[in-house]
Amino acid sequence: MLEREPLYVPAIVRLAQVRWTSQGQFAESVQVAEQAVLRDPGDEPGWRIVMASYLEMDEPSAAQFAAERASSDPDFAALAMNVYDGKWRQAGEAAYRMVAAG
């Protein structure tokens, strides 16, 4: 798809996801996913890949920035970052708030 349409954001995000999940290429995943969110700043799946890749690289401040953009729900960032920090109670509270909100 990227050969036919190199700016197609869903395909760019999928490539970043493959680099992150199956290949463990976290820096490359960030580079690719950041291309997607530059083209579409509202692309939540792209921001989630950016966040996850930065967490894998142990860069929590960059991950926090991406987490805040990965969902319109502020509890998503709280959940992700508290899991990363091992703050299980706070992560659980954020998860319960998200469930309660629907």
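These are my notebook entries on the helices, the nonpolar core and a few single residues of this predicted model.

**Entry 1. The core**

I began with the largest nonpolar core and found that it has 23 residues. I listed the residues with the most contacts inside this core, which are Trp47, Val50, Met51 and Ala63. I then looked up which elements give two or more residues to the core: α1 (9-21), α2 (26-39), α3 (44-56), α4 (60-67) and α5 (74-85). The largest share, six residues, comes from α3. As general background, I note that nonpolar side chains tend to be buried together in soluble globular proteins.

**Entry 2. Trp47**

I next asked which residues Trp47 touches, leaving aside those up to four places away in sequence. The list I obtained is Val37, Pro41, Phe65, Ala66, Arg69 and Ala70. One of these, Val37, is among the buried residues of α2, and I therefore turned to that helix, where buried means under 20% relative accessible area.

**Entry 3. Helix α2**

I checked the length of α2 against the expected rise. Its 14 residues, at 1.5 Å a residue, should span 20 Å, and the end C-alpha atoms are indeed 20 Å apart, so the two values agree. I recorded Ser29, Val30, Val32, Ala33, Ala36 and Val37 as buried in α2. The elements that cover these buried residues include α1 and α3.

**Entry 4. Packing of α1 against α3**

I then examined how α1 and α3 pack, and I noted an angle of about 20° with the axes 10 Å apart. Angles under 35 degrees count as roughly parallel, so α1 is roughly parallel to α3. The crossing of the two helices is left-handed. On the α1 side, I found the contact to be made by Val13, Ala16, Gln17 and Trp20. On the α3 side, the contributing residues are Pro45, Gly46, Ile49, Ala52, Ser53 and Glu56.

**Entry 5. Glu59**

I located Glu59 in the loop between α3 and α4. Is Glu59 buried or exposed? I found a relative accessible area of 35%; because values between 20% and 50% count as partly exposed, Glu59 is partly exposed. I also looked up its separation from Tyr96: Glu59 and Tyr96 are 37 residues apart in sequence and 26 Å apart in space, C-alpha to C-alpha.

**Entry 6. Helix α6 and Gly102**

I closed with helix α6, residues 88-101. I applied the length check here as well: 14 residues at 1.5 Å a residue should span 20 Å, and the end C-alpha atoms of α6 are 20 Å apart, which agrees. Gly102 follows α6, and I noted that the phi of Gly102 is positive, near 100°.

Notes: Residues numbered from 1 in each chain as written. Predicted model: local features only at pLDDT ≥ 70, side-chain atom pairs only at ≥ 80, totals over all residues. Heavy atoms only, no water. Core = buried A, V, L, I, M, F, W, Y, C linked by side-chain atoms within 4.5 Å. Buried < 20%, exposed > 50% of the residue type's maximum accessible area, 1.4 Å probe, protein only. Helix = DSSP H or I, 4+ residues; strand = E, 2+ residues; numbered from the N terminus. Contact = heavy atoms within 4.5 Å. Expected span 1.5 Å × (residues − 1). Axes fitted to C-alpha atoms, helices over the stretch in contact; angles between N-to-C directions. Parallel < 35°, antiparallel > 145°, perpendicular 65-115°, else oblique. Left-handed = near helix turned anticlockwise from the far one by under 90°.
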